[in-house]
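Let's work through a few exercises together. Have the sequence and the 3D view open, try each task first, and then compare your route with the solution.

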Amino acid sequence: MTRLLGCVIAVLFSLPLLVGLAGSVVPAIGLLPELAPGNGFARLFDDPRFQPSVLLSLKTGLLATALTLLITLLTLVCAHGTRLWRWLMAFLPPLLAVPHAAMAVGLVFLISPSGWLVRLVTPGITGLERPPLAWVVPDSGGWSLILGLVVKEVPFLLLAAAAQLSTINVESSLRIGRTLGYSPSRCWSRLILPQLYARIRLTLLIILVFNVSVVDMAILLGPGNPPTFAVFLLSLVNEPGLRAAASAGALLLAAGAITLIVLVLIIEKLIATLAAYRRESGHRGKALGTLRRVGQVVVASLLMLSVSAMLMLLLWSVARRWRFPNALPTQWTAENWLSRSDLVLNPLLCTLSFALFVVVFATGSAIAWLESERAGKMPRLDWLWYIPLLIPQVTLLFGWQAMALLLRVDGQWLTVAYAHWVYALPYVVLILAVAWREFDPNWNSAAAVLGAGYWKILFRVRLPLLAKPVAQAAAVALAVSVAQYLPTLLLGAGRHQTLAIELVTSFGGVDRRVIATLAALQSLLPLIAFVAALGIPSLRQSAKQESHAVA
Amino acid sequence: MQSLKVSDLTLQLPDGTVLCDALSFEIAPGAVLALMGPSGSGKSSILSWITGTLDTRIRASGDVWLGDTTLTNLPVERRCLGLMLQQDYLFPHMSVSENLKFGLRGGTRRERSEKVRASLDSAGLSGMEHRHPTTLSGGQRARVSLLRTLLSNPHALLLDEPFSRLDVNLRSTIREFTWESASTLPTLLVTHDIDDVPAHAKTLSLYENQNEHPENVGPVRGHA
């Protein structure tokens, strides 16, 4: 039974990945002329937008990833063990739950010429009466996009690193290193970071692939002419007769992502060799006190930027009148939340329908998979879950969409929900795998010798004891589903107006206050889910303890 | 070599509990002072205070000297004190020789490699330069850890129950190796095992009631 269930999950998960890849390859090489006529690669290379968009994607993707890594490592060196670190650990998880599109909108409201940062110093310091013309958001160089990606990815990498720090004996390594004559920053760079990097490498590569192929944030924060490569490909797939070129581009994007991964691994080897050479020299170096302060300022600024961006969404969503250069709205209203049911309520319900499906089925399938793995019926297949995270979404979804069109299942609710499930399942499995694999088997034995069967042990022992990680994994599933833009767009055929779709589509054309309300709502859903995930298991436990105490 | 001196050390926990009050002692080069006491008596806190790594929540006053130089306000890395803990803490991303070179100060590449080889030979670990720490036995790891500490050229040695995790058969060998290697340094040994204390050591006991200590080796005192 568990083996069969495990097989079904593995097949259901792998099938769209294979179909997606095949669906990109086949049209790209001209084997599907009725859907994608012509030579895809030739058309793609002939397009004048091709080269500049590739270069832009390389610039934004690589710079954002390098900055993300640099700021993360700097934060660890400069802030670990300080009060700032405790603040970061408290604020970063909720920021991680904020979808990219919502964060992008918040940043636009913050850093644009008419944004809050300018308003705060206007007219007092700037003396301006109108928004300055010195810059625009999005800018043509892609710097706003780089900022947006860094703001979103630093919390992701930093939390991944923080989770791994518990596997390294940080305090003792620092203590030993310092008594051997090395300053704290040198101990970090020579003792802790080399061990830590190996543990966060995969997360970094996922971020790299995401950064070079992101679509929703690139539409909101990236330049329009040329757009990033992924956005350019999205425009091709919607143009009649250019699907072959789009598919060819999607394959190139995947090849580019693999090349970048290899490049990163080569650079990593070079740096490791240089670092080992430097380490062996025994050179103690000087304490990096200034660097420590710089690092603390950088990460504190980034944190404040993220929190302010979220504040912008909330303020704009309750503003009736907010003219430049006022730092706060002059008139307030709840109208944007309450009486725009067509613009807000319908996308909310549509988003919730997919999110609830994903919460139930992704959590359920992850548990079923881990149960089959625990019983020895299925092997550990961690590499499988990483595939959709290491292949650009554009590559898989163009192919998936082509197959959905051929099978006439595009636009169906279940097709979109299936795609959400595929993208949420890896996160849920990887989160739950830690708890499942570390679960003390003696609990099972203790229940079994009392006469409990498999199902009783699962529902009365394992699941209650693992309620916290299960609730957290379910919250992550919801957050992933709420943020899905490209799968809903490409497979939904415009029939499913989720918050993500509505937000990106309406941006620029609809009232700021409505956009802010959509973005705030999109951020609040995962936040509520995370609060519930943290709170409900604790509440249940304390209620049980209370009733036992009364008894 | 210079002596290690602690004067008027008082340690107080956040809840007001006094771990030690006006404790003073001096350890001459080549001498060993064994600080003995039950768990929670403050042995390791005293050692942490000397190295400069004491938990900041513990209130501390007093001075620590190395010869005529006060270490009290120096950062850990400039105190030139060698530290060995219960665990060996060999860095897992470095080979044996890399671990030793990490401790070693100065010298050309050739000189450094030569010193590492010679120190491994002296510890009966010849040819183990390129071995990974995880492939070593407990005794070998303990010796490499001590060598790493000694190669950093410390002016005093602080040992925090360094033999407690070794199996019984190994302990006497490693103890002997340690006392031989540290024969010119002032050494402070924190332990609760009387067998760890070498014959030539003085003892400073933190047992409140000397009768509670089955093998009392020295008087309770604020000075040693």
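## Exercise 1: Where the two chains meet

Task: Find out how many residues chain A and chain B bring to their contact, and describe the side that belongs to chain A.

Solution. Keep in mind that this is a predicted model.

- Step 1. Count the residues on both sides: chain A contributes 18 and chain B contributes 21.
- Step 2. Look for the elements behind the chain A side. α8 (170–179), α9 and α12 of chain A each give two or more residues to it.
- Step 3. Pick out the main contributor, which is α8(A): its six residues are the largest share of the side of chain A that touches chain B.
- Step 4. Sort that side by class. You should get six nonpolar, eight polar and four charged residues.
- Step 5. Note the scores of the model, ipTM 0.83 and pTM 0.88.

## Exercise 2: The overall build of chain A

Task: Decide how compact chain A is for its 551 residues.

Solution.

- Step 1. Take stock of the secondary structure: chain A holds 24 helices and two strands.
- Step 2. Compare the radius of gyration with the globule rule. Chain A has 25 Å, close to the 24 Å that the rule gives for 551 residues, so the chain is as compact as a globular protein of that length.
- Step 3. Add the outer dimensions, a box of roughly 70 × 65 × 55 Å along the principal axes for the C-alpha atoms.
- Step 4. Check burial: 46% of the 551 residues of chain A count as buried.
- Step 5. Turn to the contacts in chain A with a separation of 6 or more; 80% of them join residues 24 or more positions apart.

## Exercise 3: Two domains in one chain

Task: Locate the domains of chain A and work out what domain 1 presents to domain 2.

Solution.

- Step 1. Read off the bounds. The domain assignment puts 1–34 + 335–551 in domain 1 and 50–333 in domain 2.
- Step 2. Place the domains relative to each other: their centres, over C-alpha atoms, are 25 Å apart.
- Step 3. Count the contact residues, 38 from domain 1 and 41 from domain 2 of chain A.
- Step 4. Find the elements on the domain 1 side. Among those supplying at least two residues are α1 (2–28), α21 (467–483) and α24 (512–550) of chain A. α24(A) gives the most, with 12 residues.
- Step 5. Classify the domain 1 side: 27 residues are nonpolar, eight are polar and three are charged.

## Exercise 4: A helix on the inside

Task: Is helix α11 (residues 229–237) of chain A largely enclosed or largely open?

Solution.

- Step 1. Apply the cut-off for a buried residue, 20 or more other C-beta atoms within 10 Å of its own.
- Step 2. Eight of the nine residues of α11(A) are buried, so the helix is largely enclosed by the rest of the structure. Those buried residues include A:Phe229, A:Phe232 and A:Leu236.
- Step 3. Identify the surroundings: the buried residues pack against α3 (50–79), α9 (184–213), α10 (216–221), α12 (243–280) and α17 (393–406) of chain A.

## Exercise 5: The sheet of chain B

Task: Which strands stand at the edges of the open sheet in chain B?

Solution.

- Step 1. Write down the strand order, β2-β1-β4-β5 (chain B), with antiparallel pairing.
- Step 2. β2 (18–27) and β5 (69–70) of chain B each have a single partner strand, so one side of each is left without a neighbour in the sheet.
- Step 3. Move to β1 (residues 4–12) and β4 (residues 59–66) of chain B, an antiparallel pair with seven bridges. Within β4(B), B:Arg59 is the bridge partner of B:Gln12.

Key. Residues are numbered from 1 along each chain as its sequence is written. Chains are lettered from A and ligands numbered from 1 in the order in which they are written. This is a predicted model: local features need pLDDT of at least 70, side-chain atom pairs count only at pLDDT 80 or more; totals for chains, interfaces and linings use all residues. A residue is buried if 20 or more other C-beta atoms lie within 10 Å of its own, exposed if 12 or fewer, and partly exposed in between; C-beta atoms are placed from the backbone. Helices (H or I, at least four residues) and strands (E, at least two) are DSSP runs, numbered from the N terminus. Two residues are in contact if their C-beta atoms, placed from the backbone, lie within 7 Å. Domain bounds come from an automatic or database domain assignment. Ala, Val, Leu, Ile, Met, Phe, Trp, Tyr, Cys and Pro count as nonpolar, Asp, Glu, Lys and Arg as charged, and the others, Gly among them, as polar. The radius of gyration is taken over C-alpha atoms; the globule rule is 2.2 Å times the number of residues to the power 0.38. Two strands pair if DSSP finds at least two bridges between them.
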